[in-house]
Amino acid sequence: MGQAAKVLQLFRTLHRTRQQVFKNDARALEAARIKINEEFKCNKSETSPKKIEELIKIGSDVELILRTSVIQGIHTDHNTLKLVPRKDLLIENVPYCDTPTQKQ
């Protein structure tokens, strides 16, 4: 896949992720849209293949962090937030042990 196609695919993926992560939050959706578009416009004239690959890697990392680490919070009271995790963020509960034992 050519670099132009990779850049376009990343642009679309970031916007799809933005729509999923900030669903029902018009202000966050708009702020993320502006930031994504701004960053792509800022680097629009980049011609160095090495720099473009680096920027693609950064964009992919940002998309991964958004998709796997961001949880929406809704103000329900003066000092209270209601967290709204997406289904893809919920994982199986792994038992935790404060004092691990060594395997024999």
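What share of the 104 residues in the protein do buried residues make up? In this predicted model, buried residues account for 17% of the 104 residues. The legends below treat the overall fold, the three helices, one loop residue and two pockets.

**Figure 1. Overall view of the predicted model, with three helices and two strands.** Read along the sequence, the elements follow the pattern α-α-α-β-β. The helices are H1 (3–21), H2 (26–42) and H3 (49–69), and strand E1 comprises residues 72–77. Among contacts between residues at least 6 apart in sequence, 47% join residues at least 24 apart.

**Figure 2. Close-up of helix H1 and its buried face.** The 19 residues of H1 should span 27 Å at 1.5 Å a residue, and the end C-alpha atoms lie 26 Å apart, which agrees. Leu 10, Leu 14, His 15, Thr 17, Arg 18 and Val 21 are the buried residues to find in this helix. Seen down the axis of H1, the buried residues fall within an arc of 160 degrees, so they line one face of the helix. The cover over these buried residues includes H2, H3 and E1. On the other side of H1, Ala 4 and Arg 16 are exposed.

**Figure 3. Close-up of Ala 4 in helix H1.** The relative accessibility of Ala 4 is 64%; the residue therefore counts as exposed, a term that requires a value over 50%. Ala 4 may be viewed together with Ile 52, from which it is separated by 48 residues in sequence. In space, the C-alpha atoms of Ala 4 and Ile 52 are 9.4 Å apart. Ile 52 belongs to H3, where it is buried.

**Figure 4. Close-up of helix H2 and its buried face.** For the 17 residues of H2, a rise of 1.5 Å a residue predicts a span of 24 Å; the end C-alpha atoms are 24 Å apart, in agreement. The buried residues of H2 are Ala 32, Ile 36 and Asn 37. Their directions fall within an arc of 125 degrees when seen down the helix axis, so these residues line one face of H2. H1 is included in what covers them. Arg 27, Lys 41 and Cys 42, on the other side of H2, are exposed.

**Figure 5. Close-up of helix H3 and its buried face.** The 21 residues of H3 should span 30 Å at 1.5 Å a residue, and the distance of 30 Å between the end C-alpha atoms agrees with this. Ile 52, Ile 56, Gly 59, Glu 63 and Leu 66 are buried in H3. Because these buried residues fall within an arc of 90 degrees down the axis of H3, they line one face of the helix. The cover over the buried residues of H3 includes H1. Lys 50 and Ile 65 are exposed on the other side of H3.

**Figure 6. Close-up of Asn 24 in the loop between H1 and H2.** Asn 24 is not a glycine, yet it has a positive phi of about 70 degrees. With a relative accessible area of 76%, Asn 24 is exposed.

**Figure 7. Close-up of the largest pocket, which holds about 630 Å³ of space.** The pocket is lined by 24 residues, and the closest to its centre are Leu 10, Ile 36, Glu 39, Phe 40 and Asn 43. Leu 10 is one of the buried residues of H1, and Ile 36 is one of those of H2. Helices H1, H2 and H3 each supply at least two residues of the lining. The largest share, eight residues, comes from H1. In character, the lining divides into 15 nonpolar, four polar and five charged residues.

**Figure 8. Close-up of the second largest pocket, with a volume of about 300 Å³.** This second pocket is lined by 15 residues, and the closest to its centre are Phe 22, Lys 23, Asn 24, Gln 72 and Val 84. Asn 24 is the loop residue with the positive phi. Strand E1 provides the largest share of the lining of the second largest pocket, three residues. The lining comprises six nonpolar, four polar and five charged residues.

Notes:
Residues are numbered from 1 along each chain as its sequence is written. This is a predicted model: local features need pLDDT of at least 70, side-chain atom pairs count only at pLDDT 80 or more; totals for chains, interfaces and linings use all residues. Side-chain values use heavy atoms; hydrogens and water are left out. On a 1 Å grid over the protein atoms alone, a cavity is a set of points where a 1.4 Å probe fits but cannot get out, and a pocket is an open set with protein on both sides within 12 Å along at least five of seven lines; lining residues have an atom within 4 Å of a point. Grid points are joined across faces, edges and corners, and a volume is the space filled by probe spheres set on the points. Helices (H or I, at least four residues) and strands (E, at least two) are DSSP runs, numbered from the N terminus. Ala, Val, Leu, Ile, Met, Phe, Trp, Tyr, Cys and Pro count as nonpolar, Asp, Glu, Lys and Arg as charged, and the others, Gly among them, as polar. Buried means under 20% relative accessible area, exposed over 50%, partly exposed in between (1.4 Å probe, protein chains only). The expected span of a helix is 1.5 Å times one less than its number of residues. The arc is that of the directions from the helix axis to the C-beta atoms. Contact means heavy atoms within 4.5 Å.
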